[in-house]
Amino acid sequence: MTTITSDKPITHDLYHPDVYFNRELSWLSFNERVLEEALDDTVPLLERLKFLAIVSHHALAQVHAHKATGEVNGFLVEGPLAGGHNAPARGKEINEKGEPVYGERDKPDLAKIRDLGRPFWLAGGHASPEELHEARGVGAAGIQVGSAFALCDESALKDEIKQGLRRKSFDSVLQVTASSVASPSGFPFQVAQLEGTLSDRPVYEKRKRDCRLGYLVEAYKTKRGRIGFRCPSEPVLSYLKKGGDVGDAEGRVCICTGLAAAVRDGQSNETSDEACIVTLGQEQSYIHELMPSADGSYSAEDVVSYLFSLCPPPVAH
Ligand SMILES: Cc1cc2nc3c(=O)[nH]c(=O)nc-3n(C[C@H](O)[C@H](O)[C@H](O)COP(=O)(O)O)c2cc1C
């Protein structure tokens, strides 16, 4: 097994290159370790992991089912209310809040997905016992729930952020906006509108652009024909130097740093002084079923009991 060791002097300057691993070398070293394991006959074979494709439309599910070279074991059918990233709308229309406008053509035909003969789960605004019942009625195996768990006691969201979101949600004043520009990926991204976070224009304007984590970088060909990496939310000048388009940088948020900063004990050194961004789904009616008051709280177990209060979970064999 290969280990990465360093005999470089210890420095406390976080901007000094010696305190970081070279990403490419670290990646190669990881691959080397994986290959070493594969060559070892005493390492038992792993059964292939199940692969669930996230889709927003039956046409995409059909392509996966019929054209994929590997096996697709099921589908997560994620609608435009779901937290995190969403599929783009088919039309190009954007509303006054900067959100993509979804129409009839974006709605999946669940019967067509059911006919593919694989299990599927509905995601995005389905966090209620009635929705679970309905989902099972159209042939789904169940629902996928994100936001209700993101706000529960066990979630690692920083307490002040969680409480702020719970309170606003309980008072029915929490707005979640599907931003067409926030994510460097270019996909619509749900941003919870919370004071003091990057959803606040002054907080966004004040933040010095910087790319410290780089999880959403894109590869590009450098002038010397090498592979370089750039991110539309990195400093604009450096993005332009790398051949990026200024229009792609406008309004982008460094969401990998911002999301990590919203989590307690997150990526401490890189994000401890960073502004946060929070994602959540647009539908939060579960909050009134789970919390008695705006300052109340609830556990992950409360969410599970609530969701299964109409139809019990399937019995495991
Ligand atoms: C905080 C948060 C982070 C999420 N991150 C991801 C993610 O990284 N990848 C993903 O496929 N879906 C992600 N989702 C979407 C959920 O997996 C799920 O499909 C969705 O939240 C379900 O809708 P709901 O939030 O209305 O329950 C995230 C959702 C939330 C609330």
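Trainee: In what order do the 4 strands of the open sheet run, and with which pairing?
Mentor: This is a predicted model, in which local features need pLDDT of at least 70, side-chain atom pairs count only at pLDDT 80 or more, and totals for chains, interfaces and linings use all residues. Residues are numbered from 1 along each chain as its sequence is written. Strands here are DSSP runs of E with at least two residues, helices are runs of H or I with at least four, both numbered from the N terminus, and two strands pair if DSSP finds at least two bridges between them. On that footing the open sheet of 4 strands has parallel pairing and the order 1-2-3-4.

Trainee: Which strands are the edge strands of this sheet?
Mentor: An edge strand pairs on one side only. Neighbouring strands of the sheet are turned by 30° against each other on average, direction ignored, where axes are lines fitted to C-alpha atoms, for helices over the stretch in contact, and angles run from 0 to 180 degrees between N-to-C directions. The edge strands are strand 1 (52–55) and strand 4 (142–144).

Trainee: What is the bridge partner of phenylalanine 75 in strand 3?
Mentor: Strand 2, residues 74–78, pairs with strand 3, residues 120–123, in the parallel sense, and 4 bridges join them. Within strand 3, the bridge partner of phenylalanine 75 is phenylalanine 120.

Trainee: At about what angle to strand 4 does helix 4 run?
Mentor: Helix 4 covers residues 129–137 and lies across both strand 3 and strand 4. Its angle to strand 4 is about 125°.

Trainee: Why does leucine 132 count as buried?
Mentor: Leucine 132 lies in helix 4, and it is in contact (C-beta atoms, placed from the backbone, within 7 Å) with residues including Gly142 and Leu307, leaving aside its neighbours within four places in sequence. A residue is buried if 20 or more other C-beta atoms lie within 10 Å of its own, exposed if 12 or fewer, and partly exposed in between. Leucine 132 counts as buried because its C-beta neighbours inside 10 Å number 23.

Trainee: Which residue takes a positive phi in the hairpin of strand 7 and strand 8?
Mentor: Strand 7 (residues 218–221) and strand 8 (residues 227–230) run antiparallel and are joined by 4 bridges, one bridge partner of lysine 221 in strand 8 being isoleucine 227. The hairpin has 5 residues between the strands, and the residue with a positive phi, near 80°, is glycine 225.

Technical notes. Two residues are in contact if their C-beta atoms, placed from the backbone, lie within 7 Å.
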